[in-house]
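Here is a short tour of one protein model, written to be read with the structure open beside it. Have a look at the coordinates, then read on.

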Amino acid sequence: MAEPKLDPTIPPGLHLISAFLSMEPTETLLSLSRECGGGLVTEGVQRFIWEHCISNEAGEKGFGPYLKNFLKKLISEVESRNGTVLDELYEQCGYYMSSLKDNALVKGSARVCKCISFLFPDACELPNCPKSSNLVVPLHCSLNMLEGDTGCSVWPSSLFLSEFVLSFPDIFSNKSCFEVGSGVGLVGICLSHVKASQVILSDGDLSALSNMKINLELNQLSAETDVLKRFGEDPNTVKADMDNKSTVKCFHLPWESATESELQEHLPDIILGADIIYDPSCLPHLVRVLAILLKQKKAYSQTREESCKGQFQEAKHIVVNGASEGKSFLARDLHGSECVTIQYGNGNGNGNGNGTDPRRVVELNGGSSVARLKKRPVAYIASVIRNIDTFNCFLKLAEAANLVITDITEALVPLNLLPYMQSYNRSSLRLFTVKCK
C-alpha cells in the first residue's frame with residue numbers, strides 16, 4: 001500500500017514546516033516527523049523534509065549549524081529503526097560535516113532569520129484574521145537569549161502577547177498602541193496586522209532598536225525614522241516608497257532617562273510590554289514610565305456620526321449609567337479602557353431637546369451634536385514570573401504610583417496560534433492589565 005502523501009498546507013505537514021522555519025529544537029522536529037509518518041520517519045516523510053525544508057529556498061537560507069544538527073539526528077533516528085535514509089539527506093549532511101566547523105556560530109552567538117508562523121484554526125472568524133490568512137513573520141534575531149543581545153531574541157512573553165493581539169483584534173484595531181521594550185518588534189508587527197491606527201515601538205538598547213528596524217522592513221513595514229537616514233536618494237522616491245508601506249514609529253527610550261515631556265508627546269490608547277518585569281533595579285523607572293503614559297487623558301470632540309462609526313458601533317459593547325434628563329450620561333466600554341460622557345438635552349434642562357440619547361446613538365446617521373470622548377489608557381503586560389520577589393517589588397511600586405494590576409490570564413485566553421512550537425510553554429505565562437486608580 002502506497003504511503004499517503006503529506007500536504008504542506010495542513011497539519012501535520014504544515015506543523016513540521018512551521019517548526020523548521022521557526023528553528024524549533026531538533027527534538028521537536030523529530031517528534032513532528034514521527035507524527036507525519038504515523039510513528040516512524042518513513043521515506044515519504046524524508047522526501048517531504050527534503051523537498052519542503054532542506055533543498056528549497058528555506059534550506060538555502062537556513063542556518064548551517066542548525067541544519068547540520070537536525071540532519072545528523074534525523075539520520076540517526078532512521079538508522080536506529082533499521083530504516084532506509086534518502087541519498088540526498090546523506091549527501092547534504094556530509095556537505096555540512098565537511099564545510100562547517102564547531103566555532104562561535106554553533107555556540108549560538110549568530111544572528112539568524114526565523115519565521116514565526118501564526119496558524120489560525122479552521123473555525124476562526126475573527127475580524128482581520130480570516131481562516132485563509134495564516135500570518136508568517138520573518139525575524140532577524142539572535143540565537144543566544146542570555147549572553148547579551150537579549151533585546152534581539154524571541155522571548156516566550158512576546159509570543160504570548162502576539163497571540164493575544166491576533167486573538168482579540170477588536171481591542172487593538174483603530175487604537176494608538178505604544179510598546180515599551182519592543183525587542184525584535186514581533187508584537188508591533190502583529191499590531192500592524194490587526195490594523196492598529198498607530199504603532200509606536202520603543203527600546204532602551206540601540207542594537208535592539210537597529211535590529212527591530214530590520215525586522216520591520218522584512219515584514220513590509222517601515223520605521224518612520226528611516227526617512228531621515230536614507231541620504232543620497234531622491235526624497236520623492238523615498239516618500240513614495242514609505243507611502244506604500246504601513247509606517248511604524250520606533251525610537252530609543254531608556255526608562256531611566258525618559259522625561260515626562262518626552263512621553264507626553266505620545267497619547268496612546270493602549271500600552272504593551274512583554275517580559276519587562278525582570279530586573280529589580282529597572283522597576284522604579286519602568287513604573288514611572290507606565291504611570292506617566294497611563295495617567296494621560298486623551299480628550300477630543302467628535303460628531304454623532306463619528307461616534308456611531310467608532311466606539312458605539314455595536315450597542316452590546318456599551319453600558320449606560322446615570323440616565324436622567326438634562327444631565328450627562330456615562331457610557332463605559334466593556335473592555336474597561338475608555339469612558340464616554342454624552343450631553344443629553346439642549347442645554348436648558350429639557351430632555352426632549354436635540355441632544356444625543358445614548359440609548360439611540362447606534363441609530364444616528366449624522367447631525368451636528370458633539371460628544372466628548374475621554375479615553376483612559378490601559379496597559380497589557382505579558383510576563384513569566386521567574387522570581388516572586390521581583391514581581392512583588394513591581395506590585396508595591398505600582399501601588400505606590402496609584403496603579404492597579406489585574407491578572408486577566410484566565411479571563412482572556414488567546415487562541416493557540418503556535419501549535420507546532422513544543423518549546424513554547426504557555427502555562428508559565430501570565431497576562432496583566434495595568435490601569436490608573
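Setting aside residues up to four places away in sequence, F172 touches F164, V165, C177, L191, V194, K195, A196, I270, L272 and Y380 in this predicted model. F172 also belongs to the largest nonpolar core, where F172 and F118 touch the most other members. That core holds 84 residues, and helix 5 (residues 64–80) supplies its largest share, seven residues. A second core, separate from this one, has 30 residues, among them L253, I277, L286 and A401. As a general background, nonpolar side chains tend to be buried together in soluble globular proteins.

Next, the open space. The largest pocket encloses about 810 Å³. It is lined by 40 residues, and those closest to the pocket centre are T150, G151, D275, I276 and Y278. Helix 10 (186–193), helix 11 (206–218), strand 13 (378–384) and helix 16 (388–400) are the elements that each give two or more residues to this lining. Here is the lining of the largest pocket by class:

| Class | Residues in the lining |
|---|---|
| Nonpolar | 19 residues |
| Polar | 14 residues |
| Charged | seven residues |

Finally, let us turn to T26, which sits in helix 2 (residues 26–36). Is T26 buried or exposed? The relative accessible area of T26 is 6%, and buried means under 20%, so T26 counts as buried. Beyond its neighbours within four places in sequence, T26 is in contact with N69, F70 and K73.

Conventions: Residues are numbered from 1 along each chain as its sequence is written. This is a predicted model: local features need pLDDT of at least 70, side-chain atom pairs count only at pLDDT 80 or more; totals for chains, interfaces and linings use all residues. Side-chain values use heavy atoms; hydrogens and water are left out. On a 1 Å grid over the protein atoms alone, a cavity is a set of points where a 1.4 Å probe fits but cannot get out, and a pocket is an open set with protein on both sides within 12 Å along at least five of seven lines; lining residues have an atom within 4 Å of a point. Grid points are joined across faces, edges and corners, and a volume is the space filled by probe spheres set on the points. Helices (H or I, at least four residues) and strands (E, at least two) are DSSP runs, numbered from the N terminus. Ala, Val, Leu, Ile, Met, Phe, Trp, Tyr, Cys and Pro count as nonpolar, Asp, Glu, Lys and Arg as charged, and the others, Gly among them, as polar. A nonpolar core is a set of buried Ala, Val, Leu, Ile, Met, Phe, Trp, Tyr and Cys residues joined through side-chain atoms within 4.5 Å. Buried means under 20% relative accessible area, exposed over 50%, partly exposed in between (1.4 Å probe, protein chains only). Contact means heavy atoms within 4.5 Å.
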